[in-house]
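Work through these exercises with the model open beside you. Try each task before you read its solution.

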Amino acid sequence: MERKYAALFLLSFGWAVLSSFAADPGKPYQKQALRKIIIDPGHGGSDLGAHGQYSYEKDIALAISLKLDSMLHEQMPDVETYMTRRTDVFNPVTEKAEIANREKGDLFVCIHVNDGGGPEKHKEFIGYKEETHYKGKGKNKKPYTVKVKDYRTWTTPNPAKGTETFIFGVNEVNAAKDYMKDNEDMYLDSVSAKELKDFNPSDPAKMMIINMRQQTYFARSTNLALTIEEEFQKVGRISREAKQRQKRIWVLQAVAMPAVLIETGFITNPEEEDYLNSQEGQQQICDVLVKALKRYKFSLEKQQSNTATR
């Protein structure tokens, strides 16, 4: 696994060392390292998301999210959950981020399915055929035949399959800090109400807290993304790795907490579409996510314990 994710490890190493998954800077010591998880089913309502031969991303994302919410209540009863939607409604990403920040989540988990693009086109040379062409004009126009190459063409569904988990990219760090400034009460809650009221974004001391918190969030997001993909591999799913997406995933940078977006499979692949719509497939996905979240919670508690005993 080290080789497979070497690039992402190297990318996050500097920040991970600094933050080291320690208790959040600027917050008093907390007994419970992971208190609340925000679950965000992708798309919804008029926003259909990707589509396969018979289903839509919005419906699969909601079904998986509802199962995940139920399983977390059963298997991690000390952790509170909150879903950005529980029905087929459309919430803009701005509203989803506002919900997550308002609910003061400790982790944002966004559920999606992937789109591999349209069918693949194929072309095979099968010989020659005669075509009739014409030369001359008017009464002098005469037909003649030529031999041209003949091809058989056909299409097959896009074969892309597997999972991938995204965190916000390094190029979005400044944007993430800007959103953290807008939600300073979430991570500067060790200062007094008066200080919060008089919060000055240019204050070096408070900006240092923001920088440290942002680095901690990046490290924690990376840790969880890698853990999720490792757990998918364990059950035989193809892992397309934990990644920083080049194309901006707005909601990941707009929430003031660690955040991951999980692409659970390719709805444009008929085999994957059946898996994503099946009870067995959705159960396996949720099993993987619960195991990963338990590992993530344990790593936070272990670090918190080590910090407390120093």
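**Exercise 1.** Find the residue that caps the N-terminal end of α8, and give the distance involved.

*Solution.* This is a predicted model. Start at the N-terminal end of α8: the cap is asparagine 269. Next, find the atoms. A side-chain oxygen of asparagine 269 lies 3.0 Å from the backbone nitrogen of glutamate 271.

**Exercise 2.** Which residues of helix α8 are buried, and how are they placed around the axis?

*Solution.* Helix α8 covers residues 270-277. Its buried residues are Glu272, Glu273, Tyr275 and Leu276. They cover an arc of only 160° around the axis, so they sit on the same side of α8. A general rule helps here. An α-helix has 3.6 residues a turn, so residues three or four places apart point the same way.

**Exercise 3.** Identify the salt-bridge partner of lysine 161, then say where each residue lies and how accessible it is.

*Solution.* First, the partner: lysine 161 pairs with glutamate 271, and the closest N and O atoms are 3.2 Å apart. Second, the places. Lysine 161 is in the loop between β5 and β6, while glutamate 271 is in helix α8. The pair links distant parts of the chain, 110 residues apart. Third, the accessibility. Lysine 161 has a relative accessible area of 26%, so it is partly exposed. Glutamate 271 has 52%, so it is exposed.

**Exercise 4.** Check whether the span of helix α2 agrees or disagrees with its number of residues.

*Solution.* Helix α2 has 19 residues, 57-75. At 1.5 Å a residue, it should span 27 Å. Now compare the model: the end C-alpha atoms are 26 Å apart, which agrees.

**Exercise 5.** Aspartate 69 forms a salt bridge: with which residue, and what parts does the pair tie together?

*Solution.* The partner is arginine 86, with the closest N and O atoms 3.2 Å apart. Aspartate 69 lies in helix α2 and arginine 86 in the loop between β2 and α3, so the pair ties together parts 17 residues apart in sequence. Then compare accessibility. Aspartate 69 has a relative accessible area of 4%, so it is buried. Arginine 86, at 47%, counts as partly exposed.

**Exercise 6.** Is serine 221 buried or exposed, and what does it contact beyond four places in sequence?

*Solution.* Locate serine 221 in helix α6, residues 204-234. Its relative accessibility is 1%. Buried means under 20%, so serine 221 counts as buried. Beyond its neighbours within four places, serine 221 is in contact with Ile167, Pro258, Ala259 and Val260.

Conventions
Residues are numbered from 1 along each chain as its sequence is written. This is a predicted model: local features need pLDDT of at least 70, side-chain atom pairs count only at pLDDT 80 or more; totals for chains, interfaces and linings use all residues. Side-chain values use heavy atoms; hydrogens and water are left out. Helices (H or I, at least four residues) and strands (E, at least two) are DSSP runs, numbered from the N terminus. The expected span of a helix is 1.5 Å times one less than its number of residues. Buried means under 20% relative accessible area, exposed over 50%, partly exposed in between (1.4 Å probe, protein chains only). Contact means heavy atoms within 4.5 Å. The arc is that of the directions from the helix axis to the C-beta atoms. A polar contact is a pair of N or O atoms within 3.5 Å; within protein, one must be able to donate a hydrogen and the other to accept it, and residues adjacent in sequence count only if both atoms are side-chain atoms. A salt bridge is a side-chain nitrogen of Lys or Arg within 4 Å of a carboxyl oxygen of Asp or Glu.
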